[in-house]
Structures are given as C-alpha cells and as structure tokens.
Amino acid sequence: MRSCLPNGLSPQGSSTMPTVTVQQGPRSVELKRELVKQITDAFVDAYRIPAETVTVWIQEVPTDSWGAAGTLTADK
C-alpha cells in the first residue's frame with residue numbers, strides 16, 4: 001500500500017491518479033488503443049509515475065451532435 005499525504009499527494013509530490021478526458025468524433029478501436037498508449041506514455045515520461053496510475057477516458061460524440069465553423073460535422 002502506498003502512503004499518501006493530504007490532498008492526494010504522494011511523498012514525491014505527484015498526484016495519485018492523473019485522469020485525461022478526450023472528446024472526439026468516432027474512431028476505430030485500433031486508433032483509440034494507440035491514443036491511450038501514447039497519452040499514458042507521455043504522463044509516465046513527464047511526471048515519472050507508473051503507467052498504472054494514469055486513466056484515459058474517451059468520450060465519442062456522434063458527428064450529428066457537434067459542429068465547427070457554423071456547420072454540423074455530419075454535413076461536411
């Protein structure tokens with residue numbers, strides 16, 4: 001069991017669980033798998049924390065539920 005200080009900090013000063021949320025349009029499982037790996041690796045490298053402490057949430061939004069520059073994405 002890992003000891004923690006107040007506010008969820010470990011003795012090394014890192015947060016106990018970084019969580020990354022990605023909002024995007026639909027993508028294949030293969031692309032999402034690679035995205036999760038690369039995001040996790042970036043946190044491991046930058047914060048020097050175990051990969052097991054990184055959580056990545058992918059929220060997919062259908063193309064008929066968002067738009068950009070005044071146009072519904074489904075209409076592009």
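Here are four short exercises on this predicted model, each with a worked solution.

**Exercise 1: the helix**

Find how many residues α1 has and how far it reaches from its first C-alpha to its last.

*Solution.* Start with the residue range: helix α1 covers residues 29–47. That gives α1 19 residues. Next, take the span, which is 27 Å from the first C-alpha to the last. Now compare: at 1.5 Å a residue you'd expect 27 Å, and α1 comes close to that. Finally, look just past the helix. Arg48 follows α1, and its phi is positive, near 55 degrees.

**Exercise 2: the aromatic pair**

Work out which residues form an aromatic pair, and whether the pair is stacked, tilted or edge-to-face.

*Solution.* Count the pairs to begin with: there is one aromatic pair. Phe43 and Tyr47 form this pair, with 5.3 Å centre to centre and 80 degrees between the planes. Planes over 60 degrees apart count as edge-to-face, and edge-to-face is what this pair is. Then place the two rings: both Phe43 and Tyr47 sit in helix α1, four residues apart, about one turn of the helix. Residues three or four places apart in an α-helix point the same way, because there are 3.6 residues a turn. One last check is on Tyr47: its relative accessible area is 52%. Exposed means over 50%, so Tyr47 is exposed.

**Exercise 3: the salt bridges**

Track down the two salt bridges in the whole structure and say where their partners lie.

*Solution.* Take Glu60 and Lys32 to start: their closest N and O atoms are 3.3 Å apart, and they form a salt bridge. Glu60 belongs to strand β2 (residues 55–60) and Lys32 to helix α1, so this pair ties together parts 28 residues apart in sequence. Glu60 is partly exposed, at 34% relative accessibility.

Now move to Asp41 and Lys37, whose side chains meet in a salt bridge at 2.8 Å, N to O. Here both partners lie in helix α1, four residues apart, about one turn of the helix. Check their exposure too: Asp41 is partly exposed with a relative accessible area of 33%, and Lys37 is partly exposed with 45%.

**Exercise 4: the nonpolar core**

List the residues that make up the largest nonpolar core, then find what Val54 touches.

*Solution.* The largest nonpolar core has six residues in all: Val20, Val22, Ile39, Ile49, Val54 and Val56. Zoom in on Val54. Leaving out residues up to four places away in sequence, Val54 touches Pro18, Thr40, Phe43 and Ile49. Ile49 is also on the list of core residues, and Phe43 is the partner of Tyr47 in the aromatic pair.

Terms used. Residues are numbered from 1 along each chain as its sequence is written. This is a predicted model: local features need pLDDT of at least 70, side-chain atom pairs count only at pLDDT 80 or more; totals for chains, interfaces and linings use all residues. Side-chain values use heavy atoms; hydrogens and water are left out. Rings of Phe, Tyr and Trp (its six-membered ring) pair if their centres lie within 6.5 Å; planes under 30 degrees apart count as stacked, over 60 as edge-to-face and the rest as tilted. Helices (H or I, at least four residues) and strands (E, at least two) are DSSP runs, numbered from the N terminus. Buried means under 20% relative accessible area, exposed over 50%, partly exposed in between (1.4 Å probe, protein chains only). A nonpolar core is a set of buried Ala, Val, Leu, Ile, Met, Phe, Trp, Tyr and Cys residues joined through side-chain atoms within 4.5 Å. Contact means heavy atoms within 4.5 Å. The expected span of a helix is 1.5 Å times one less than its number of residues. A salt bridge is a side-chain nitrogen of Lys or Arg within 4 Å of a carboxyl oxygen of Asp or Glu.
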